[in-house]
Amino acid sequence: MRCFAALLAALMLAAAPAAALAHAYLKSSDPAAGASVPASTSRLLLTFTEEVQPQFCAVTVADAMGMQAQTAKPAPVPGHADELTVPLHFEMGGKYTVKWDALSTDGHKTHGSFSFTVSG
Amino acid sequence: MDGPAWLLLRGVCRGLHLAGYICVFGTALYCAALEPGSRAPGLRRLAWAGFALALAAGIGWFWLESAYILGTGKPGVILAALPRIIAATRFGWLTLARMGLLLAALAGAQTRRWRGAAALSGAGVLAQSGLGHGAAMGGGEGAALFLLSLLHIGAAASWLGTLPTLALGLRASPQPACLARRYSRFGVICVAVLLLSALAQYGLLIGRARLLLSTAYGATALFKAAQLAGLLGLAGRNRLCLTPALPRSRAALLGSIAGEIALGVLALLAAGVLMQLAPPAMAGMG
């Protein structure tokens, strides 16, 4: 039983730094929130805190007028089940807002938004 | 389909599905390891009842989860999307695979191949962890949570799942004291693993005592802990008072086991709801 308790303690120590990372929330993005990028930027990369199910995720990238910049649905990144990539094409510069909806592999839906600026 | 009432319903269906599943597993485990060659009447009927509950509640859970994923309650839309959900989500294919394992286990139980039935249904019980946070997180941290979940579900299923079969065995056994003592030793191991893994998960997924009262996840965990406390009280009474007094105390022991089963089902319903909620340790993300 002491061995078992030690195993549990080791598991807790191993998992402790990640306790706040469960569920598919956005960990990082490229372009990042608040960033300023050139109009030639051709893709958005979203990295989540959990693995996601790409077929049931949605991403829109739109400017203040509602003009959408994404040219296809979000696609998985091979070998990275926690990432999605979205192809982009910008007609003009300005502030763009990314809205994302994700379904994690544990069956929970999450959503969020952030903005970045495209230099004209 | 995102509201609290739907969440509760999904959780209840998931909990009942798990209850039925572990009833099949527990029956097989009992006949394979705790009382091999048991001929207590009603064993196969119990396995069938567990299967029926797991199937009916599993269909309800699958339908409600699909509606939640799709964001619609329209039956036509859900029906049309089922193949996509089965093929493209871990929830879909793993749930279907688990039901396949349970069906194979039931076939084993029907022909009294209890070891095979226990192995198949045990794999299906443990595979439930594949739908938890640990499996979705990946990496070393996810692996630790996944392993804790395996221990917790495995211990809970081994303990709670064998209670109905124990009641059948005690009712029919000519030597109930011997059987009860053997089960008691097995139960102590299950309870120890269950409590320690629960404590570790509490530390990782909740973390602070005040969150037990201020969050839905904490309150549900508290409710589950209350059922567990009741279960431990009954188990202690069985071990210390009723088992030594067998066979005179047989009726009282059977009544106490029925109480344990009722509390166990409540704990599993709470577990089903918990698995639908976001642990408070992740509050503030997004």
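## A tour of chains A and B

Start by selecting chain B, which has 11 helices and 0 strands. What you have open is a predicted model. Coloured by secondary structure and read along the sequence, chain B gives the pattern α-α-α-α-α-α-α-α-α-α-α.

**Chain B as a whole.** Show the C-alpha trace. Along the principal axes, the C-alpha atoms of chain B fill a box of roughly 60 × 45 × 35 Å. The radius of gyration of chain B is 19 Å, which agrees with the value near 19 Å for a compact globule of 286 residues. Of those 286 residues, 56% count as buried. Among the contacts in chain B with a separation of 6 or more, 75% are between residues 24 or more positions apart.

**The largest pocket.** Stay on chain B and select H152(B), A198(B), Q201(B), K224(B) and L274(B), the lining residues nearest the centre of the largest pocket. The full lining has 40 residues, and the volume of this pocket is about 950 Å³. Next, select the helices around it: α1, α6 (133-137), α7 (139-172), α8 (176-205), α10 (216-242) and α11 (250-274) of chain B each supply at least two lining residues. Which helix gives the largest share of the lining? That is α10(B), with 9 residues. Colour the lining by class, and 30 residues come up as nonpolar, 8 as polar and 2 as charged.

**Salt bridge within chain B.** How many salt bridges does a search of the whole structure find? Over all chains there are 2. For one of them, select R10(B) and E65(B), whose side chains meet at 3.6 Å, N to O. The pair links distant parts of the chain, with R10(B) in helix α1 (residues 4-34), E65(B) in helix α2 (residues 43-70), and their positions 55 residues apart. Are these two residues buried or exposed? R10(B) counts as buried because its relative accessibility is 3%, under the 20% cut-off. E65(B), at 4%, counts as buried too.

**Salt bridge between chains.** Now select E51(A) and R90(B), where the side chains form a salt bridge of 2.8 Å, N to O. This pair crosses between chains: E51(A) is in the loop between β3 (43-48) and β4 (58-63) of chain A, and R90(B) is in helix α4 (residues 90-110) of chain B. R90(B) has a relative accessibility of 17%, so it counts as buried. As a general point, side chains of opposite charge can pair when their charged atoms come close.

**Q53(A).** Keep R90(B) on display and add Q53(A), which is placed in the loop between β3 and β4 of chain A. Leaving out residues up to four places away in sequence, Q53(A) touches L103(A), S104(A) and T105(A) in chain A, and A88(B), T89(B), R90(B) and F91(B) in chain B. Q53(A) is buried because its relative accessible area is 8%.

**G112(A).** For the last stop, select strand β8 (residues 109-119) of chain A and pick out G112(A) within it. Which residues does G112(A) touch, not counting those up to four places away in sequence? They are V98(A), K99(A) and W100(A). Draw a C-alpha to C-alpha distance from G112(A) to F48(A): they are 11 Å apart in space and 64 residues apart in sequence. G112(A) has a relative accessibility of 18%, so it counts as buried.

Terms used
Residues are numbered from 1 along each chain as its sequence is written. Chains are lettered from A and ligands numbered from 1 in the order in which they are written. This is a predicted model: local features need pLDDT of at least 70, side-chain atom pairs count only at pLDDT 80 or more; totals for chains, interfaces and linings use all residues. Side-chain values use heavy atoms; hydrogens and water are left out. A salt bridge is a side-chain nitrogen of Lys or Arg within 4 Å of a carboxyl oxygen of Asp or Glu. Helices (H or I, at least four residues) and strands (E, at least two) are DSSP runs, numbered from the N terminus. Buried means under 20% relative accessible area, exposed over 50%, partly exposed in between (1.4 Å probe, protein chains only). On a 1 Å grid over the protein atoms alone, a cavity is a set of points where a 1.4 Å probe fits but cannot get out, and a pocket is an open set with protein on both sides within 12 Å along at least five of seven lines; lining residues have an atom within 4 Å of a point. Grid points are joined across faces, edges and corners, and a volume is the space filled by probe spheres set on the points. Ala, Val, Leu, Ile, Met, Phe, Trp, Tyr, Cys and Pro count as nonpolar, Asp, Glu, Lys and Arg as charged, and the others, Gly among them, as polar. The radius of gyration is taken over C-alpha atoms; the globule rule is 2.2 Å times the number of residues to the power 0.38. Contact means heavy atoms within 4.5 Å.
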